[in-house]
Amino acid sequence: MQSDPGGFLLVSPCLCGGNHGGVQVSGRVTRDLLARTFGATRFSCLSYGTGAGPHESVDCISSKLKAAWRSAVLRGSARTLLFWHIDLLKLLPLLRSRGSRTFLFLHGIECWGPLDAATEYLLRFVDVFVTNSVFTWERFVEKYPRWSHAEHKVVALGLGEPDNH
């Protein structure tokens, strides 16, 4: 389904139920919130990964070739692109179009280690970096000081309410 060009595209790792890491849990919450906020005609999700079981969603793709094909089909379908994991940034050239804004969520350790040359290159096309903590941002710019003045936002993901009883 082609979305409204003013819409929102979430590019995430597989969010199917068998994957229960923090990135996937927060990704499912984010996907559901964005779907409610933008509606079916203005929001779409492209999930890629092999997953721990059968895929529950048509949005979830298990091969690199199919993910690339789907990305090319979705090109220009959304003005806002949110990459939920740095490893998926390699799909950016297939999705990005003139006038789109790219956000990259940095969750932690995956962005502190060495990045391959393609990912380092693609970081220059990120408009806004989003992190789950100040600590994550500081570790990222310590490793990659070039981005220390880039636009970034900290979004505390606190998915539950603290038990104050």
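# Note on the fold, cores and aromatic residues of a predicted model

1. **Contacts across the chain.** Among the contacts in the protein with a separation of 6 or more, 61% are between residues 24 or more positions apart. The model under review is predicted, and the points that follow should be read with that in mind.

2. **Secondary structure.** The protein contains five helices and seven strands. Followed along the sequence, these elements give the pattern β-α-β-β-α-β-α-β-α-β-α-β.

3. **Burial and surface.** The protein has 165 residues, and 42% of them are buried. The area exposed by the protein is about 9,000 Å². Carbon and sulfur atoms supply 57% of that area.

4. **The largest nonpolar core.** Which residues touch the most other members of the largest nonpolar core? They are Phe83, Leu95, Leu104, Leu123, Phe129 and Phe140, in a core of 29 residues. At least two residues of this core come from each of β1 (8-13), α2 (64-74), β4 (80-83), α3 (92-95), β5 (101-106) and α5 (134-143). Helix α5 gives the largest share, three residues.

5. **Phe83 and its surroundings.** With neighbours within four places in sequence left aside, Phe83 is in contact with Val11, Leu88, Leu89, Leu91, Leu92, Leu95, Thr102, Phe103, Leu104 and Phe105. There is also a second, separate core of twelve residues, which includes Val23, Phe43, Phe105 and Val130. Phe105 is thus named both among the contacts of Phe83 and in this second core.

6. **His85.** The loop between β4 and α3 holds His85. Is His85 buried or exposed? Its relative accessibility is 14%, so His85 counts as buried, the cut-off for buried being under 20%. Outside its neighbours within four places in sequence, His85 is in contact with Val11, Pro13, Val23, Leu104, Phe105 and Glu110. Of these, Leu104 belongs to the largest nonpolar core, while Val23 and Phe105 belong to the second one.

7. **The two sides of helix α2.** Ala67, Ser71 and Leu74 are the buried residues of α2. These residues lie on the same side of α2 because they cover an arc of only 65° around the axis. The face turned away from that buried side carries the exposed residues Leu65, Lys66 and Trp69. The student may wish to note that Leu65 and Trp69 are listed there as exposed. Among the elements that cover the buried residues of α2 are β1, β2 (43-48), β3 (60-61) and α3. Just after α2, Gly76 adopts a positive phi of about 80°.

8. **The buried side of helix α5.** In α5 the buried residues are Thr136, Trp137, Phe140 and Val141. They cover an arc of only 125° around the axis, and therefore they are on the same side of α5. Their cover includes β5, β6 and β7 (152-154).

9. **Phe129 and Phe140.** How many aromatic pairs does the structure hold? There are ten. In one of them, the rings of Phe129 and Phe140 have centres 5.5 Å apart and planes at 40°, so the pair is tilted. The pair joins distant parts of the chain, with Phe129 in strand β6 (residues 128-131) and Phe140 in helix α5, eleven residues apart. Phe129 is buried, with a relative accessible area of 0%, and Phe140 is buried with a value of 0%.

10. **Tyr144 and the aromatic cluster.** Phe140 also pairs with Tyr144, and this pair is tilted, at 5.6 Å centre to centre and 40° between the planes. Tyr144 counts as buried, at 9% relative accessibility. Phe129, Trp137, Phe140, Tyr144 and Trp147 form one aromatic cluster. Two members of the cluster, Trp137 and Phe140, are among the buried residues of α5.

11. **Arg139 and Trp112.** Which ring lies under the charged end of Arg139? The charged end sits over the ring of Trp112, 4.4 Å from its centre. Arg139 is in helix α5. Arg139 has a relative accessible area of 31% and is therefore partly exposed, since this class lies between the cut-offs of 20% and 50%. Arg139 and Trp112 are 27 residues apart in sequence, yet they are 6.3 Å apart in space from C-alpha to C-alpha.

How values were computed
Residues are numbered from 1 along each chain as its sequence is written. This is a predicted model: local features need pLDDT of at least 70, side-chain atom pairs count only at pLDDT 80 or more; totals for chains, interfaces and linings use all residues. Side-chain values use heavy atoms; hydrogens and water are left out. A nonpolar core is a set of buried Ala, Val, Leu, Ile, Met, Phe, Trp, Tyr and Cys residues joined through side-chain atoms within 4.5 Å. Buried means under 20% relative accessible area, exposed over 50%, partly exposed in between (1.4 Å probe, protein chains only). Helices (H or I, at least four residues) and strands (E, at least two) are DSSP runs, numbered from the N terminus. Contact means heavy atoms within 4.5 Å. The arc is that of the directions from the helix axis to the C-beta atoms. Rings of Phe, Tyr and Trp (its six-membered ring) pair if their centres lie within 6.5 Å; planes under 30 degrees apart count as stacked, over 60 as edge-to-face and the rest as tilted. A charge sits over a ring if NZ of Lys or CZ of Arg is within 6 Å of the ring centre and within 35 degrees of the ring normal. Accessible areas come from the Shrake-Rupley method with a 1.4 Å probe; for residues, only the protein chains shown count as cover.
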